[in-house]
Amino acid sequence: MKTVYLDNAATTKIAPEVLEAMMPFLTGSYGNPSSFHSFGSSQMEAIETARGQVARLLGAKSEEIYFTSGGTESDNHALRGAVKIDNTRSGIVISAVEHPAVLDTARTLAKEGCPLEIAAVDANGELNLSNLQELVNTETAIVSIMAANNETGVVMPLKESAEIAHRSGALFHTDAVQMVGKVPMDVHSLGIDMLSLSAHKLHGPKGVGAIYIRKGIQLPPVLTGGHQEKGFRSGTYNTPGIAGLGKAAELALTHLDDTAVKERALREAFEKKVVENCPGSFIVSEKAVHRLPGTVTIIFKGIESEAVLTLLDMQGVYASSGSACSTGSKNSSHVLTAMGVDFNLSNSALRFSLSRYTTEEELDHTVKLLASIVERLRRISPYTE
Ligand code: PLP
């Protein structure tokens, strides 16, 4: 059976070049980079190469990159560290559509006494900047606004949000897990103080990521131990993972412009064909000013998304009903709820996310399947406007 993978916002396949870069450290070169002997310490070179590769992708300096176990850990470092820097500032301001790695961390810190404010988004999923402005004050330690949303693909106004944070003396963090490697980013010109990224979203391995911390910011460590990463993030280096992340970052930078153009064209054509062939379907955040090239959520009115997903799965097409990280919970998407989408509609939402490996043929095949699945389900449960 032909398989089509359209869940790249959940995770991506490892690029062959990435696997090749990791292999030496999964086989013969297994020394500990922190060891005194050369068998181990020579691995530091691979780690520093990867640091440079990640820094180049972000327009950062190498010394501003710290390796972590992924996006969730990086987000935790940013929030948990920021509220400890200055004891006159413990406030946290985030958007209503953050990933649980930020949302739940912020809520946990709120229970521990850090005042939490949540900025609204509009019906397109775009951040309400004047609301953000109202919520930030001189007690705010950190403003954390995601770079692009994992469900809708809506790109957030990072420069403007960073300016709001800085005007009140707060730090600005962005969870850029969905954005890094998809569109060009320059942390310095955007005014970003901290940024989280994850290798497995850009054709790298799972369980490794990084946090960019602007030079001069003294973020207290969350993990203590063996003093790796200048004492900021203890724990034996995941050398294969880090080498893989570095290579994935290098490849993403090489393909950046081509991928964005190709994915955007494919995604737009896909959206048009789905809407034409599946009556009662519409694109979420269609009117948003900026969206990621390859992510779209589509609502099929009156149809349970799980039913469509199951039937697609049986035909070898893999998509998602929103954020994979929250699958299993019966709650509807907090992102769609924040946008004012009603409960029934949000249970009819499917996310399709492309990668640089996605082809037009795969998408056309998916449209055909979707059209027949939607028609079949509507026969059982007719939909009226
Ligand atoms: N932030 C966003 C926006 C994500 O989409 C994800 C994963 O889906 C994460 C954070 C978590 O990253 P990781 O899986 O590397 O912990």
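**Exercise 1.** Find the residue in S6 that stands opposite Ser144, and describe how the two strands concerned are paired in this predicted model.

Solution.
- Step 1: The residue across from Ser144 is His173, in S6.
- Step 2: Strand S5 covers residues 140-144 and strand S6 covers residues 171-175. The two pair in the parallel sense, over three bridges.
- Step 3: Helix H7, residues 158-167, lies across S5 and S6. The helix runs at about 150° to S6.

**Exercise 2.** Place S5 and S6 in their sheet, and state which strands stand at the edges.

Solution.
- Step 1: The sheet is open and has seven strands, in the order S2-S8-S7-S6-S5-S3-S4. Its pairing is mixed.
- Step 2: The edges are strand S2 (65-68) and strand S4 (116-119). Each has a single partner strand, so one side of each has no neighbour in the sheet.
- Step 3: From one strand to the next, the twist averages 20°.
- Step 4: Helix H4, residues 71-82, packs on this sheet. The helix touches S2, strand S3 (91-95), S5, S6, strand S7 (194-198) and strand S8 (209-213). Its direction makes about 160° with that of S7.

**Exercise 3.** Describe the surroundings of the ligand, and say how much of its area the protein covers.

Solution.
- Step 1: There are 14 residues around the ligand. Thr72, Asp175, Gln178, Ser198 and Lys201 come nearest.
- Step 2: H4 supplies three residues, the largest share of this shell.
- Step 3: Take the polar atoms in turn. Asp175 has a polar side-chain atom 2.6 Å from a nitrogen atom of the ligand. For His200, an N or O atom of the side chain is 2.9 Å from a ligand oxygen atom. For Lys201, a polar side-chain atom is 2.5 Å from an oxygen atom of the ligand.
- Step 4: On its own the ligand has 390 Å² of accessible area, and the protein covers 90% of that.

**Exercise 4.** Work out the strand order of the sheet that contains S9, and identify the helix that lies across S9, S10 and S12.

Solution.
- Step 1: Three strands make an open sheet in the order S9-S10-S12, with antiparallel pairing.
- Step 2: Strand S9 (281-283) and strand S12 (349-353) are the edge strands, each pairing on one side only.
- Step 3: The twist from one strand to the next averages 25°.
- Step 4: Strand S10, residues 295-300, pairs with S12 in the antiparallel sense over five bridges. Within S12, Arg351 is the bridge partner of Thr297.
- Step 5: The helix is H9, residues 239-277, which runs at about 5° to S10.

**Exercise 5.** Decide where the predicted coordinates should not be read in detail.

Solution.
- Step 1: The chain has a mean pLDDT of 95, and 97% of its residues reach 70 or more.
- Step 2: Over residues 323-327, however, the pLDDT is below 50. Beyond near neighbours in sequence, this stretch has six contacts in the model.
- Step 3: Low pLDDT means that predicted coordinates should not be read in detail.

Note on methods:
Residues numbered from 1 in each chain as written. Predicted model: local features only at pLDDT ≥ 70, side-chain atom pairs only at ≥ 80, totals over all residues. Heavy atoms only, no water. pLDDT = per-residue confidence, 0-100. Contact = heavy atoms within 4.5 Å. Pairing = 2+ DSSP bridges. Helix = DSSP H or I, 4+ residues; strand = E, 2+ residues; numbered from the N terminus. Axes fitted to C-alpha atoms, helices over the stretch in contact; angles between N-to-C directions. Near = heavy atom within 4 Å. Polar contact = N/O pair within 3.5 Å; in protein donor to acceptor, adjacent residues only side chain to side chain. Areas by Shrake-Rupley, 256 points an atom, 1.4 Å probe, with all protein chains shown as cover.
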